[in-house]
Amino acid sequence: MSVTIKTNKQSRDFLYWNQIPAKVLADQFDHLKEDENFDGFIKYRGNYYHETDFMRAHEAFKGWDGYLSDSYFSGIVLRIAQDGESYKIGTYYS
């Protein structure tokens, strides 16, 4: 499978629980518990994600840590920095 990845290579800091709107937490992340101190939130192109939403990347996404499909042919890729505090994100399509 040939995959094209587009990214601006910009590092971004993960968002914390208290930076996410309450409605978004209730609608999208009700499976995460506030008392478990979940961080690792991402806002990308107007949508919120959590790093646990991403699957471990396979060889088609060499150099990336995870991916999240939005269709059979496209989605988002994620690379987490070694310190675990920031990430790079991009889109892929085939």
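Modeller: A residue is called exposed when its relative accessible area is over 50%, and buried when that area is under 20%. The model discussed here is predicted. By that scale Lys23 is exposed, and Asp27 is exposed as well.

Biologist: How do you know that the side chains of Lys23 and Asp27 meet in a salt bridge?

Modeller: The rule asks for a side-chain nitrogen of Lys or Arg within 4 Å of a carboxyl oxygen of Asp or Glu. Between Lys23 and Asp27 the distance from N to O is 2.8 Å, so the pair satisfies the rule and is a salt bridge.

Biologist: How many salt bridges does the rule give in total?

Modeller: The count comes to one salt bridge.

Biologist: Why are Lys23 and Asp27 separated by about one helical turn?

Modeller: Both residues belong to helix H1, which spans residues 22-28, and they are separated by about one turn because they lie four residues apart in that helix.

Biologist: Val24 is also found in helix H1. Why does Val24 count as buried?

Modeller: Val24 has a relative accessibility of 15%. The limit for buried is under 20%, so Val24 meets it. Leaving aside neighbours within four places in sequence, Val24 is in contact with Phe29 and Tyr48. The C-alpha atoms of Val24 and Thr91 are separated by 22 Å, and the two residues are 67 apart along the chain.

Biologist: What makes His50 a buried residue?

Modeller: Its relative accessible area is 1%, which is under 20%, and therefore His50 is classed as buried. His50 is placed in strand S5, residues 47-50. Not counting residues up to four places away in sequence, His50 touches Phe29, Leu32, Phe38, Asp39, Gly40 and Phe41.

Biologist: Which backbone atom does the side chain of His50 reach?

Modeller: The side chain of His50 reaches the backbone oxygen of Asp39, at 2.5 Å. A polar contact requires N or O atoms within 3.5 Å, so this distance lies inside the limit.

Biologist: Why is Ser86 called buried?

Modeller: Ser86 has 11% relative accessibility. That value is under 20%, so Ser86 is buried. Ser86 lies in strand S9, and its contacts beyond four places in sequence include Arg12, Phe14 and Ile80.

Biologist: What makes up the largest nonpolar core?

Modeller: It consists of nine residues: Phe14, Ile42, Tyr44, Tyr49, Phe54, Ile76, Leu78, Tyr87 and Ile89. Two or more residues each come from strand S4 (39-44), strand S8 (74-80) and strand S9 (86-93). A second, separate core has eight residues, among them Trp17, Ile20, Leu25 and Phe29. The residues of such a core must be buried and joined through side-chain atoms within 4.5 Å.

Biologist: Which residues does Tyr87 touch, beyond those up to four places away in sequence?

Modeller: They include Phe14, Ile42 and Leu78, along with Gln10 and Arg79.

Biologist: What pattern does the chain follow along the sequence?

Modeller: The pattern is β-β-β-α-β-β-β-β-β-β, from one helix and nine strands.

Biologist: How do you know whether the chain is as compact as a globular protein of its length?

Modeller: The radius of gyration is 14 Å, and the globule rule gives 12 Å for 94 residues. The two values are close, so the chain is as compact as a globular protein of that length. Buried residues make up 32% of the 94 residues, and the C-alpha atoms fill a box of roughly 40 × 30 × 20 Å along the principal axes.

Conventions: Residues are numbered from 1 along each chain as its sequence is written. This is a predicted model: local features need pLDDT of at least 70, side-chain atom pairs count only at pLDDT 80 or more; totals for chains, interfaces and linings use all residues. Side-chain values use heavy atoms; hydrogens and water are left out. Buried means under 20% relative accessible area, exposed over 50%, partly exposed in between (1.4 Å probe, protein chains only). A polar contact is a pair of N or O atoms within 3.5 Å; within protein, one must be able to donate a hydrogen and the other to accept it, and residues adjacent in sequence count only if both atoms are side-chain atoms. Contact means heavy atoms within 4.5 Å. The radius of gyration is taken over C-alpha atoms; the globule rule is 2.2 Å times the number of residues to the power 0.38.
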